[in-house]
Structure formats: C-alpha cells, structure tokens
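Here is a short round of questions on packing and surface. Look over the chain, then read on.

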Amino acid sequence: SDNIPGVPGIGEKTAGKIIAQFHTIEEAHAHLDQIKPKKAMENLREYYQQALDSRFLATIKLDVPLEVRMEELAVGGLFTEAAYQQIKKLELKSLLKHFELPEEAPSYRFETEFQSSVEALEAFFEGLGTKSQLGAAVYSGEEGLLGIGLSAEAGKTILFKVSGEDGMAEAFARLFSSCEGVTLVTHDLKSMLRAVPFGYDERARMQDASIAAYLINPLKEEYGYDDLAKEYLSITVPSAKELLDKKKLTSLLLEEENVMRFLAYQTCIPLMAWGKLCGRLKETGLYDLYRDIELPTVFVLAQMEEKGIRVDGAALKTYGEMLGGKEQELATAVYAEAGEEFNINSPRQLGEILFDKLGLPGAKKTKTGYSTNADVLNKLKKDHKIVEDVLEYRQVAKLKSTYADGLSAFIREDGRIHGTFNQTITATGRISSTEPNLQNIPMRTELGRSIRRVFIPRDGYVFVDADYSQIELRVLAHFSGDERLIRAYQEDRDIHALTASQVFGVPEDQVDALMRRNAKAVNFGIVYGISAFGLSEDLGISRKEASDYIEGYFATYPGVKRFLDQAVDEAKRTGMTRTLFGRIRQVPELHSSNFMQRSFGERIAMNAPIQGTAADIIKIAMVRVYERLKDSHLRSALILQIHDELLVETQREEVELVKQILTEEMMGAAALKVPLSIGISVGNTWYDAK
C-alpha cells in the first residue's frame, strides 16, 4: 500500500468517518454537500478520479486468469540442505533452530573413532610417526573432564573417554611431553590447560586457533570452530550451539552423538585451519604479537582462573546487611520527599513523581512514560534533594544485588571465586572479566570501594597491588611526540595541574581543585576523542566553555592535535588502526553514510591505538611477572588483572622480592619516549592494598 496517493488532506481518521457514513466512494461523491470538514469535501471533488484509482490499486484482484493450479504454487520444504548452507554463510544464526542438523558437512567428510583406555592413547602417540602437528580438544561436565579429542590427520578424530581416576589426562600430558617435535593446535587452549596437567616447559609447542582468528579480525562476535571452518576452510559445519543445549551442556555424556560431533569438530578443524591462520598472521604483521604477547597471556589467565581469589564470607554478609540498611534508609527519604510511597525501581512511577507531581524541568517522554535514566537525573541533582537520593539508592541497590548478593553465588568449596578472563571479547585487546565481572566494581565512591574489603589472601599471605599511573596519557605522549607533554612526564610533573595552568592561563601554583579536576577530564577525554558536547555534559558547563577548554588543550599540546588528525586520516586510508605492537582494529564506521557512525569511527581511530597499546603493555607486564615468579620458584602468584592493575597473592617472606619483580617488569614492559610509572602497595585485604 506504500505510495498509493488517496485524497490529499483526507487521512485515515477522516476517511473512516466518510466510509462509515456513506459506505462507498461513489456514494460519498454523490453527497458531497454533506461531507465535513469543508476541506475534505473540496478535495474529494477535485481528486475524485484519484480516489477511484487508488481504490483500484489497493484492491486484491480475485479473477486473474491463471494457467497453473494452486497446488503447483506451494512453496514446499523451506529448510533444505541448500538453505542451511546459505543461512550459515550469511550468519543468520537465529534461523538455524528451524533446521534438522545435517548428518555431515556436505563438502567434507569427517571420521570419528571412539576409544577409552590409556593403552589406546599410548598407541595413538606411537603412531604419530613424523607428523609435526596434533589437533586437540577437551570436553568437561559437572564431574570434570569427560573426554579428550585428538587428531593427527585432516578430518580424522579419535575421542578418548575419561572416567574417574583412570589417569587419562595425566597420560596425555606425559605422552605429549615425550613428543618433542610435535606442536599442539587447539581451539580453546585455556580450557585445555585447566583440564590437563601439562608441564611449564611445554608452552612453546602449543597454539590457539581462536586467539589467532581474533587478532586477524577483532570485530567478530564469535570465533567458534564453525567460524574457522567457514572462513578458512570453506566448510559448513553445525556450531556448538546447534549441537549442544547450553543449559544441559554440563550433564551431557561424551557418548551422545552430538557431543561426539562437537568434540570431533573442535579437535580437527583448528588443526586443518592452522596453516592458513598462521599465514594470515604473518601477512598482516600480527605474528609477533600473537607469539610474544597474546599466546603467552593464555597461560597467565589459565593460572589466574585456577588460583582464584579468596572471599571472606562473613565480611561479605556484613557488607550486604549494611547495604540493605542503607537502601531502606534512602527509600524512606525518597518517600518523604515525594510525599508518598511508590516503586522507586519503576521508571514510569518515578517519572510521574518527578515531573508530574514535583514539576521538575527537563521531562523527556518515551513510549512507556518519562525517561529517568542517569543522564536525565544527573542534570536534575541541583533542583531537588529527591533526585540525589534516587541516584544514590540506585547505586546502593546495584551494589547489593550485583556484589553483596551476587558474589556469594560464585564462591566455591575452597572459599575462593574462580572467575573467567576473556581474551577475545574487546576489539581493543583489553581483557574482560566474567562470572563474576570484577572489573566493574565501582571505584569512585567509598561505598563501592569497600567491597574490596571482602577479598582476602590465604593464610600466611598478603596482597601486593601494583597499577600503572596514567598509562594511556603516557602512550599518547609517546605517539604524539609533543615536546611539552613528553618533558612534563620526564620531569615527573603533575600533568593535570600543568594542563590546567596552560588552559586556564594561571600560574601552576594557583591551580585550584576545580581547575585541576576539569583539566583531568580534558586530558582523559582527549584520549577518547571527546567532543565539546560530551565534555560539557561531563563537567556541567556550556558547550562554548567546553570548546574553549579543548582548543586551549590543543594550543598547549599541538603535537597531540597533529597525531589525532593523522590517526583518523590513516584509518580512513587503510581501513584500520595499529598499536605500537602491531595489533589491528578495523574501523568500517569511517565509511558509513550515517554521520553519527562516521563520528564514532573517528573517535575509534583516535582511541584504539592508545587504548590498544596500553592493553598490550599490561599483557607484556603480566606475562613477565608470571614468568619471573615461576622462574624464581616463589610461592606467590598473580591472581587478578583489572585494567591497568595487577594483584599478587604474596607469601609474607616474599613481599620485597615480589615488589621488586612488579616494579621492574611493569616499568620495563615497553620503551616509550616517557617513563612508565606504577603505584605499589601491600595490604591484608584488596582494599588495603589499593
């Protein structure tokens, strides 16, 4: 019905009234003098033929002469083998649930054999002969390791059942250790390291195909074996989600057909794809990054997950009770300020209180009521005490639900939380944390920081915490080559006070706290390509003031302006950004037809080299600290990485040595034009060590 003209000036409502009264267009036209409003009458008279033509266009014709029977027009089976291949190719993953899984990949035949003894495993390794690469995967359930998949030939997999104390995992580690010339290729090396007790010296002979695929294209959502098969082998296979019900995953037995297929694909596809992956890494200049930084990081993260971090359950309970009391106290205050009780967590009810009852300014209507998001409320904090209390209530409620209540679900029998560290999630190379997310613990408020009190070291140990000081600004100084910025860091000046002095035109010793805070916002905002609008929102100032701040900053540090402009130009030319260590990040947004997307792309082009380089540096530091602790045969261990911060659970007698290792390895992780600087502290809780 799009673009059928109808009659100008007669919309759906008026047309409905006319048809309800006269039933047809012809009858309405015959009684034009009775049609109201007058404009509708005049337009129907003038555009009567157009009205008839429009009706003709909109009417479904029922008497078209057809030379085929209806039965011949039936679509038939939609969910065919060919359709499955096309749906997989287009990555329309939500449609895959409608298909019966193909028995085998149509363009390649996979063979699977089942074994269940250590003797069979030994025979497999004896039969390797001169083969130099071995595909491997593990399958675990609620009771631990259930199966090991091994492949030494394209498309052929042997699955070894693991049960109880049969020693299969230990035998695998021992047999691999004895095959000195063989490289192990896997899809999820971290999980394998957690399941199989490989020796520390075997690391040099292990590869991770998913990490390689991530480095080549960090923008993809997933790097599953099916993605590798499609992209590097032109083979279509069912994904893990298609084969395994995630909710039942831990209870499925290895003998189940779909589990066997899953493990077979997981085993041999990385082996088959490794040659092309390795070639792409070298072609794109990413191989050194993979070999020297990203792959060694896998071993560090595996240890961190295995070690976990201890939680004081009693302290966590006390913290939760305190938050519960604070939450109720704030709710009571909000009710008093509103003059009635209501559901503070309901945006609709809160909006009615703030904008209808209290008449606060800045109301924004949505389909479901007034917007009461943080941006809206932060602008109203000065208008009424209720807004400040609602914001604090939300913060306290989130702390209670996410951390005080949420963390307890992750504490295992050993009294520790063994979280997951993800290496292939962020496009910039930063490590992310899940189950639970320890990187999102609020640090700006004392109430948020207090959650760190519940994290404690094991008996006889303390925490040693080290974090980089302004690492992204130091990377910016290096990339920009700005003389004033470099000199400031070389002289260990207060960079925020110096920027405030230059931007606001006052001597450095006359910079007050507000000036320094605003300068700090500008310094860090520049790294993220902040606009005058964004800065004005952050600081609560006019856009003109914010624009003046940014212009003052660029006048102070002209090298920074040149670097940012060049970064955008280079990304437009090449389609990607690179870090100091060669990490790439594609920026397709730069060529979008949408202005907002292009602007976003420009911010990415400015920030990705800086944030990515900082991520590379912290990974280098992690790896070096981990290896120094291992090589020194210390009992202390690296257990946590949060952005630019490393936490070592340190045996008391080893504190000074650990501090020395952290200082040397973190400050020596990269040779920049400015020195890397760290803060280091010791404590009996994570809070005290920060």
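Q: Which residues does Phe455 touch, not counting residues up to four places away in sequence?
A: Contact means heavy atoms within 4.5 Å. By that rule, the partners of Phe455 include Thr685 and Trp686. The others are Ile309, Arg310, Val311, Leu407, Ile417, Leu438, Ile441 and Phe463.

This is a predicted model: local features need pLDDT of at least 70, side-chain atom pairs count only at pLDDT 80 or more, and totals for chains, interfaces and linings use all residues. Residues are numbered from 1 along each chain as its sequence is written, and side-chain values use heavy atoms, with hydrogens and water left out.

Q: Which helix gives the largest share of the largest nonpolar core?
A: A nonpolar core is a set of buried (under 20% relative accessible area, 1.4 Å probe, protein chains only) Ala, Val, Leu, Ile, Met, Phe, Trp, Tyr and Cys residues joined through side-chain atoms within 4.5 Å. The largest one has 194 residues, and Phe455 is one of those that touch the most other members. Its largest share, 15 residues, comes from residues 595–631, a DSSP run (H or I, at least four residues, numbered from the N terminus): helix H26.

Q: How many residues make up the second, separate core?
A: Its members include Ala28, Leu32, Ile35 and Ala40. The count is 14 residues.

Q: Is Glu257 buried or exposed?
A: Glu257 is found in helix H12 (residues 257–283). Exposed means over 50% relative accessible area. Glu257 has 56%, so the residue is exposed.

Q: How far apart in space are Glu257 and Ile471, C-alpha to C-alpha?
A: In sequence, Glu257 and Ile471 are 214 residues apart. In space, C-alpha to C-alpha, the separation is 50 Å.

Definitions and conventions:
Helix = DSSP H or I, 4+ residues; strand = E, 2+ residues; numbered from the N terminus.
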